[in-house]
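Trainee: I have the file open and would like to go through it with you. Where do we start?

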2 protein chains.
Amino acid sequence: MPPENAKRPTIYDVAREAGVATSTVSRALSNPDRVNARTREHIVAVAERLGYSTNPLARALPSGRTQTLALFVSDITNPHFFGIIRGAEQQARAAGCTLIVGDTEESPDLESRNIERLGRSVDGFVIAASRMTDKAIKQLAAQHRLTLVSRQVGGVPNAIVDHVDGTRQIIEHLASLGHRSVVYLAGPRRSWLAGQRWRAVQPVARRFDMTAARLGPFPPAVHGGAAAADAALGSGATAAIAHNDLLAIGMLRRFAERGVRVPEDISVVGYDDIFGADFCSPPLTTLAGPFEEAGRVAVDLLLSMRDPVRNHPPRRDVVLPSHLATRSSTGQAPR
Amino acid sequence: MPPENAKRPTIYDVAREAGVATSTVSRALSNPDRVNARTREHIVAVAERLGYSTNPLARALPSGRTQTLALFVSDITNPHFFGIIRGAEQQARAAGCTLIVGDTEESPDLESRNIERLGRSVDGFVIAASRMTDKAIKQLAAQHRLTLVSRQVGGVPNAIVDHVDGTRQIIEHLASLGHRSVVYLAGPRRSWLAGQRWRAVQPVARRFDMTAARLGPFPPAVHGGAAAADAALGSGATAAIAHNDLLAIGMLRRFAERGVRVPEDISVVGYDDIFGADFCSPPLTTLAGPFEEAGRVAVDLLLSMRDPVRNHPPRRDVVLPSHLATRSSTGQAPR
DNA sequence: CAACTTTTGGCAACCGCTTGCCGCAACTGT
DNA sequence: ACAGTTGCGGCAAGCGGTTGCCAAAAGTTG
């Protein structure tokens with residue numbers, strides 16, 4: 001028996017069966033106040049009996065509203081995005097929307113191509129950790145409803161976790177442990193966060209009279225850790241700040257291989273507090289943040305662009321607080 | 001400037017501009033052989049110039065084909081599903097389809113509700129690690145195109161990793177290390193895999209003259225590990241097989257807390273070989289499998305249901321080979 | 001050159017639902 | 001009792017494509 005063999009009932013079937021016009025059925029179902037309570041009940045009962053359910057495509061065609069949102073993440077295999085995905089999905093569901101999750105595999109091209117492709121069938125986009133240029137984002141934002149996570153571009157609503165303040169926390173923590181020289185292992189060149197973080201490292205390091213160097217870029221994945229670890233060691237710094245936890249974990253592994261003790265010989269810090277950061281060895285000191293919340297906020301911003309509320313100017317640049325999860329990968333600087 | 005203010009050109013605009021009928025435009029774009037090469041080129045050029053792109057919704061309405069597939073996983077925060085998601089997405093993209101990924105949060109209700117909700121706007125469903133009953137699945141499969149990952153239900157196409165053989169590998173490995181008693185820490189009652197695995201444990205254990213016990217169910221997450229570890233210890237077994245790596249990692253943590261040495265005091269094995277299994281401490285022995293492939297196959301099966309090929313009966317019950325990733329969490333049985 | 005086949009393009013009817021506008025009937029106030 | 005509201009339901013025109021059917025044009029054949 002092939003599926004879908006029996007045609008599903010339409011609004012016409014319901015109308016005929018209930019002895020009313022299709023418009024009445026439509027209104028009874030989606031605009032309840034517009035029709036008499038008695039008729040509505042009757043229609044609903046008939047619809048129920050026939051097993052009617054409205055076809056979202058047909059509904060979306062005239063209105064252009066699909067009740068669907070899309071979320072793109074730069075690497076779906078990075079547990080960091082879990083929180084964002086789950087938060088976004090919850091919020092979307094709460095608003096009666098479906099969420100499409102897509103992986104753009106670190107490719108700005110794939111980002112814009114996906115957006116172009118889905119443009120008509122989605123009410124808006126959230127892009128997490130976009131790898132596109134500012135210009136490309138602005139251009140896309142002029143054509144489509146768009147919000148960002150972990151990225152700020154003039155005029156485009158976004159939600160970020162405060163990594164500038166977070167970086168301050170990291171440096172202060174390292175300073176308090178007596179470190180005088182720190183190295184930042186950078187993420188991909190296209191990553192906005194990578195630039196921001198490095199820019200945040202410098203002034204704070206200066207304030208604490210530490211030397212700071214940047215190395216990289218490295219692929220923001222575990223396999224990038226080996227090269228990063230070797231480079232960090234070569235730099236002579238006593239503390240290493242990795243672009244993210246994936247990279248940090250890869251570094252820890254490499255250090256273990258080479259017999260370098262963490263934190264006795266070198267301290268390591270990551271960003272994101274991903275799954276695994278608390279049980280790698282040694283457990284990783286890392287900057288944690290409310291990423292689930294960031295996902296929720298980004299969807300909220302998107303929905304408020306779609307359904308603008310009077311006297312309620314859309315928020316932009318929502319900054320969420322971060323905090324340092326201090327674990328054993330950081331310790332007293334070797335003297 | 002509000003986005004979407006300028007209406008996008010339709011097929012009518014292109015037709016008018018090119019001086020042909022809409023049907024010709026439609027055919028030129030989607031059925032190239034049906035129109036003269038010269039006219040086609042002209043139409044394509046005009047379409048290009050106007051920035052026309054076809055509205056997928058309008059296209060989907062008459063045909064019922066949306067070129068969209070949905071994948072539901074039982075817990076999107078379990079890294080195990082990464083591979084499946086990525087594989088499915090790649091295959092979907094290769095076929096020109098969009099993939100919707102949804103999290104059903106271990107709830108069979110959410111599974112069926114989601115399917116009901118998306119039924120009309122999607123060409124088919126893949127469910128990974130479904131928590132629904134056989135009956136519910138069969139019923140849904142009669143109404144919708146549906147394939148499964150990590151689940152077998154009579155008649156419904158599916159892709160699984162061979163956990164029966166995998167379980168044999170686990171037991172043999174433990175037997176070879178001198179273990180005589182093993183305990184299986186079960187996953188959720190609704191998990192089909194949990195049942196299958198336990199059923200696979202028994203005969204093999206018997207063959208090797210080991211005693212086997214089952215405890216649980218435990219939530220298949222890190223936080224379920226504490227209770228599981230305590231229970232395993234209480235059972236007196238020298239080896240513990242956890243329902244999945246999340247649970248196993250939680251157990252390792254609890255053992256560490258309680259000062260129980262792994263593998264000296266007790267050996268631990270998991271399933272799935274997730275991100276983190278190789279860097280927890282001790283690194284986890286676990287059953288690995290080609291899950292990315294499983295995701296790909298499930299999408300393939302789905303597509304072949306949608307576009308049946310002559311003399312090409314649909315495959316079902318695709319079984320992929322598994323292999324044991326042996327690490328330090330298993331060792332000689334204590335005498 | 002007539003008769004016949006094959007291309008090629010147009011007409012118009014859907015696909016299933018929403019919504020602006022209209023008219024009827026019941027209700028209101030004087 | 002009559003004109004003026006108001007509430008409720010129906011008509012029909014879209015939304016933007018696809019496609020079966022048909023006719024005109026072009027090509028083929030004897």
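Trainee: Which base atom of DNA strand D does a polar side-chain atom of A:R27 approach?

Mentor: A base oxygen, at 2.6 Å from the polar side-chain atom of A:R27. Keep in mind that this is a predicted model.

Trainee: What does A:R34 do on DNA strand D?

Mentor: A polar side-chain atom of A:R34 lies 2.5 Å from a base oxygen of that strand. A:T24 goes to the backbone instead, with a polar side-chain atom 2.3 Å from a phosphate oxygen of DNA strand D.

Trainee: Which residues come nearest to DNA strand D?

Mentor: There are 26 residues around DNA strand D, and the nearest are A:T24, A:R34, A:T39, B:S26 and B:R59.

Trainee: And which helix gives the largest share of that surface?

Mentor: α2(B), with four residues. At least two residues each come from α2 and α4 of chain A and from α1 (11-18), α2 and α4 of chain B. By residue class, the surface near DNA strand D has ten nonpolar, eleven polar and five charged residues.

Trainee: Switching to DNA strand C. Which residues come nearest there?

Mentor: A:I11, A:S26, A:Y52, A:R59 and B:T24, out of 25 residues around DNA strand C. A:R59 has a polar side-chain atom 2.6 Å from a phosphate oxygen of DNA strand C.

Trainee: Which protein backbone atoms come up against bases of DNA strand C?

Mentor: A backbone N or O atom of A:A58 is 3.4 Å from a base nitrogen of DNA strand C. On chain B, a polar backbone atom of B:P62 is 3.5 Å from a base oxygen of DNA strand C.

Trainee: What gives the most to the surface near DNA strand C?

Mentor: α2(A), with four residues. The residues near DNA strand C divide into ten nonpolar, ten polar and five charged.

Trainee: How much of the contact is sugar or phosphate for each strand?

Mentor: Counting strand atoms within 4 Å of the protein, sugar or phosphate makes up 55% for DNA strand C. For DNA strand D the figure is 52%. The rest belong to bases in DNA strand C and in DNA strand D.

Trainee: Away from the DNA now. Is β5 of chain A, residues 158-161, buried or exposed?

Mentor: Buried on both faces: A:N158 and A:I160 on one side, A:A159 and A:V161 on the other.

Trainee: What does β5(A) pair with?

Mentor: β4 (residues 146-149) of chain A runs parallel to β5(A) and is joined to it by two bridges; there A:L148 has A:N158 as its bridge partner. β11 (residues 318-320) of chain A also pairs with β5(A) in the parallel sense, over three bridges. In that pairing, A:V161 stands opposite A:L320.

Key. Residues numbered from 1 in each chain as written. Chains lettered and ligands numbered in written order. Predicted model: local features only at pLDDT ≥ 70, side-chain atom pairs only at ≥ 80, totals over all residues. Heavy atoms only, no water. Near = heavy atom within 4 Å. Polar contact = N/O pair within 3.5 Å; in protein donor to acceptor, adjacent residues only side chain to side chain. Nonpolar A, V, L, I, M, F, W, Y, C, P; charged D, E, K, R; others polar. Buried < 20%, exposed > 50% of the residue type's maximum accessible area, 1.4 Å probe, protein only. Pairing = 2+ DSSP bridges.
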